[in-house]
Amino acid sequence: MLKRFLVPVLSIAFLAAVETSCVKRKFDEPPVNEIPVGNVKTIAQMKDTFTSNPIKFTSDISVYGVVTMDDRDGNIYKNAYIQDGTGGIVIRTLSSGGLYEGDSVRLYLKGTVLSMYGGVLQLDSVNVEKNIIKQATKKTVTPEVVTISQLNNSSNYNSKLIKLENVEFVASDLNKTWADAVGLSSANRTLTDCDGNTIIVRSSGYAKYAGNVLPSGNGSIVAIASEYNGTKQLYLREYSEVNMTGTRCTGVATLCDPVASVSENFTTASNNVDLQLSCWANIASIGSRLWRGRSGTDANGTHIQATAFGSSEQSKTFLISPVIAATGTNSLSFDSQVSFYTHEAMTVYISMNYDGTNLTTATWIPVSATIAGSSSGSSWVNSGVLPLFGYMPQGYTGSFVIAFVYEGNGATGQTTSFRLDNININ
Amino acid sequence: MTKTLAFHFGNWAFLSLFLFISVSYSAQIVPDSVKLGIEDSLSQEGKIPVFNQSEEDGDDGGSQDIAGLLQSSRDVFTATAGFTFGVARYRIRGLDAENTAVLINGIAMNDLESGRASWSGWGGLNDVTRFMVNQTGIAASREMFTGIGGYTSISARASQFKKSTRFSYSASNRNYRNRIMFTHSTGLLKNGWSFSVSASRRWAQEGYIDGTFFDAWSYFGAAEKKFNDKHSLSLSVIGTSQVQGMVGMVVQEAYDLAGSNYYNPLWGYQNGEKRNSRVRNVHKPTAFLTHYFKANKSLNLRTTLYMSGGRGGTTRLNWYETNNPNPNYYKYLPSYQDPGSDLEAQAINSWQNDVNTRQVRWDDFYNANRINLYTVSNANGIAGNDITGMRSKYIIEEQRNDHIQYGGNINFDKKIGEKVFLSGGYNVHFHNSHNYRQIVDLLGGEFWVDVDQFAEQLFIDPNLAQNNVAIPNHVVKEGDIYGYDYNNHVQNQNLFGQIEQDLGKFSYFVAANLSTSSYWRTGNMQNGRFLDNSFGDSEKINFFNGGGKFGMTYKINGRHYLTANGAYFTRAPEMRNLYISPRTRNDVVSNVANEVVRSGDLSYFIRHPFVKMRITGYYSEVLNQTQMRIFYHDEYNSFVNYLMTGVNNLYTGVEFGAEFKLSSTLQATAVFGNGQAIYNSRPLATISVDNTSELVAENRTVYLKNYKVGGTPQTVGSIGLKYSSPKFWFIGVNANYFGNIYLDPNPDRRTAEAVNGIVVTDPQWNEILDQTKLPNGFTIDAYAGKSYRTKKGHFLNINFSASNILNNKKFIVGGFEQLRYLPNNISKFPPQYSYMFGFNFFAQVSYSF
């Protein structure tokens, strides 16, 4: 027995011995590729080397800085911003990703190209895996607080992280989204301060926040400053850094707490100026025309008007009342007038779920009302007292708004001017 | 052992006649690789021959315990199909491997999730596995109810090996370069015991194709005790541990740029040494315990318990927030650039002249990982837990599929008188596979974070990016499981009975079968994108099936026979086809149904001393199949699951094989097969993506009817001549032809959606819809051998075989249409191919006593 099994055991040993070549499956790690530091420059010094033609760096030069914006949110692609105490620069990377906000990095310049794009210096052809050596993470750069005027009057802020305070989006942009998230195209939105200075905020349709509606309040925003062929613009780096929930300069647009009644005769409106009234909203969902103040010579005096006349586009313009508490006995009355009549231009709506941001998606129920039209000539027409409870669910104790919606189209000749006055909602 | 030697290379004896008749159509089914989602891996060794062993493993078919006169093991067509046509992936009758059972000690070795048996599980043990019975087509079997593709049955019990010892060494230039094998059997000892052991090692630092190492250790051990004339107990263990570097299929453009049809994109230089990124490592041994009980002269009972288990897995590169590291990614090819542009010229230049463009850039991966400092906030779901270190951008992961399976069977056979044979049995299987991703190598980095990059980019809510919400921001290291983790459970049982009767001129068999199958999935990770349906047990899907088959033989006279066979049965769909996105969720395909199989064949045999011949006509239909194809789509950064229900296939054709004894030393063979394997229905497709719950499409009609099934020649022919010297040497040559080879159609290109907006007269219409036919192939093989007998009665055998002597390097034997495509630019995602090896050989010296 033993002998019989000695043979196989020995044979297996022989078998193992015979195999001369071991099949290699473990590999040594390749040697560490040391990237030399060389000559150290500040970002400003590096930028100063630029005169007019692109510079390809061919020697060992390093620049240190902190990443202030990465491309993870999709607002920029294959780009990142780096900043030190002397300034900021945009770097264009060969592949997307791999650089994160707060990374403290050494930029090894050999192989990269310094060039001008749209009036802004950029460092191009950066290979994140060969030109960037990370030193630390989560280093915060405090944004420099500036004003819109400062940005508009200097190029020194280009590619730097800045913060604007007490700013808001212009009324005509409200209810728009940051960009076209469906068509994936970029959009410019205009930011203004209470003095009327403006600057563009440009967002990519690929940005994660592109489909969000712009905030309607006033407040602060953190962004990278830049310009494109002379037009200053800002790039939002992180949606959470938009803090615009305060009261607007003119008090327009944010919803106020429900009130018991509203009585408005527009005496404070300025002739030919977009109406801005506390707790009222004046917004276009299509086009840019808004309701405007108009001085009247008749008994009604100053009132408001919406028109598509002189416009080359379609308009859909909402005048939305303050929020009214539902009582079960609410009613509405107003005066209306038409001029240069071409079409039926105005409809009254009630909404129980408009929240200040959902203009196009809120439920708007048409309210039947006697209004000025083709046969009313230039007379003011009183609507009479219209009971509203029939438009609300029985026993409804919430709140509602009333919208006066002008629709016209300058391009197709639907240009009736429609006027409103003496709006009373109880 | 003498007998074995005498038959050594006996199968080579079958020469082949090569009939240059180009008729139509090709055989079966998508490359496995596509179905498995390993869209570009293919292994000659890992393919699942219907019952052919790979050539190297081709020894004789010697002493069998069932010796049917018309048995396929001795059939020239079947042998040629296995040995000669196998290299071109010919499938007998066009049928997929799941139609063919492979049994060891009476236990079906077919994988319970895929239905296919993998020969790599016991490769390299030719001394053991040569004791096999092969049967193609519908056939009687006393071990189980086998399907329309026949069966291969290997008996691996110690008592059946005669007392012998055998050493062999083989050299080859195929997947491996060296093989050593040792086998020792005691035969039946006086005390009733018998023992047998066999072991081998096959290895190559590099096989035929660059970057493909091979290292396999195989072992077999069996002990059997004969207690008395009635009872014997046998224990056998068989296993192979095989590790190999894989080959990637690429588009022709890449082969042309690399200057070789054997270009392999999967390896690259690390520190100057070739390292393969896709390594398959499988070791799943099986143990059998069998009790043989001879109740009386006419009744035998056999009871087997078995258990198998082990590891399976294939490594691959994964990457995070960087460019795709696979050198053959389509965006790196010159064709991605504008024609005539500088970028195109640059790409052509670096593809042709820079090996690091064509191959994996390991050193760069290490260097990138080593400088990618990163802080994971709230790591492992612990608020405030920041982990800082080098986050790997490139890693090697292994997609594991381990399993444990056990079960058993009990079979009987009973002879009633001299003419009737009754047999039957019951078998049951419990299968549990564990499927997951594991980090194998961080390539110089310190950790990886288990989040889905695509979801991270798409959604603001970071929870949606978590692959495992139990451990958000999971920091994983080498050896850790990540990505997905689930178990598949299969339980099935079968009951069959069979009667065979010989009525002199006429004999027949009838067999019937009943089976139940039960499948379920258990998710071990709750995925952030599928909170409600990724974790825990899925519903159990149960199937009940049955059916029957019959066959009859009419003996015209002692030299002429007619046979007819038929089968009709239903069977459960395979588990791999049932889950919409098995890696991530429990959702089951709607409308799952049993498959229906019906088939018939008619044959005429001649058994003349100088001529042996068979001609067969066959027809098979497999109806109502559910089929899953998985592929990687870089826009989704994820796997896409393309699932079809209601797939019908029709297979018809003829087989011819003849063997002529021209003289006492000279023999000629002629073999011809021509079939038509087509899709025969309009399936409905459901398309899902692993990382979103939105379906890309549901119940999309696929106009597949009358497309050819791809992946195998539908026409084959071979002629051969063999000279056998009375002085114990032989030499032979075969000439082989392969035709009507098609690429399996990408179903989605055959939908109304694909041709939407294109008018019928637009050339694009046909470009999208037409099926690609591959070039025909022609090869010549030769072989020779010599046998010496020493004075002591020992044997020394030397054998040599050479395949593809003409060194034809342009014969495409594998390929598929990419499932990703652009309707308005079909050539953007062209088919990927693999080529048959050029000249290759296998030489062996063996010594036995």
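User: Happy to dig in here: through how many residues does the hairpin join strand 16 of chain B to strand 17 of chain B?

Analyst: In this predicted model, strand 16 of chain B and strand 17 of chain B (residues 299–310) run antiparallel and share nine bridges. One pairing between them puts B:Lys294 opposite B:Asn300 in strand 17. The hairpin that links these two strands passes through four residues.

User: Nice. And which residue is the bridge partner of B:Ser234 in strand 16 of chain B?

Analyst: Strand 16 of chain B, residues 286–294, also pairs with strand 10 of chain B, residues 231–245. That pairing is antiparallel and spans eight bridges. In it, the bridge partner of B:Ser234 is B:Thr290.

User: Let's turn to the open sheet with the order 12-42-41 in chain B. Which are its edge strands?

Analyst: Three strands make up this sheet, and their pairing is antiparallel. Strand 12 of chain B meets strand 42 (residues 832–835) over two bridges, with B:Val250 partnered by B:Tyr833. An edge strand here pairs on one side only, and that description fits strand 12 (250–251) and strand 41 (812–816) of chain B.

User: Finally, which element supplies the largest share of the side of chain A that touches chain B?

Analyst: The contact involves 30 residues of chain A and 37 residues of chain B. On the chain A side, helix 1 (2–18) and strand 9 (132–136) each supply at least two residues. By class, that side has twelve nonpolar, eight polar and ten charged residues. Its largest share, seven residues, comes from helix 1 of chain A.

Methods
Residues numbered from 1 in each chain as written. Chains lettered and ligands numbered in written order. Predicted model: local features only at pLDDT ≥ 70, side-chain atom pairs only at ≥ 80, totals over all residues. Contact = placed C-beta atoms within 7 Å. Nonpolar A, V, L, I, M, F, W, Y, C, P; charged D, E, K, R; others polar. Pairing = 2+ DSSP bridges.
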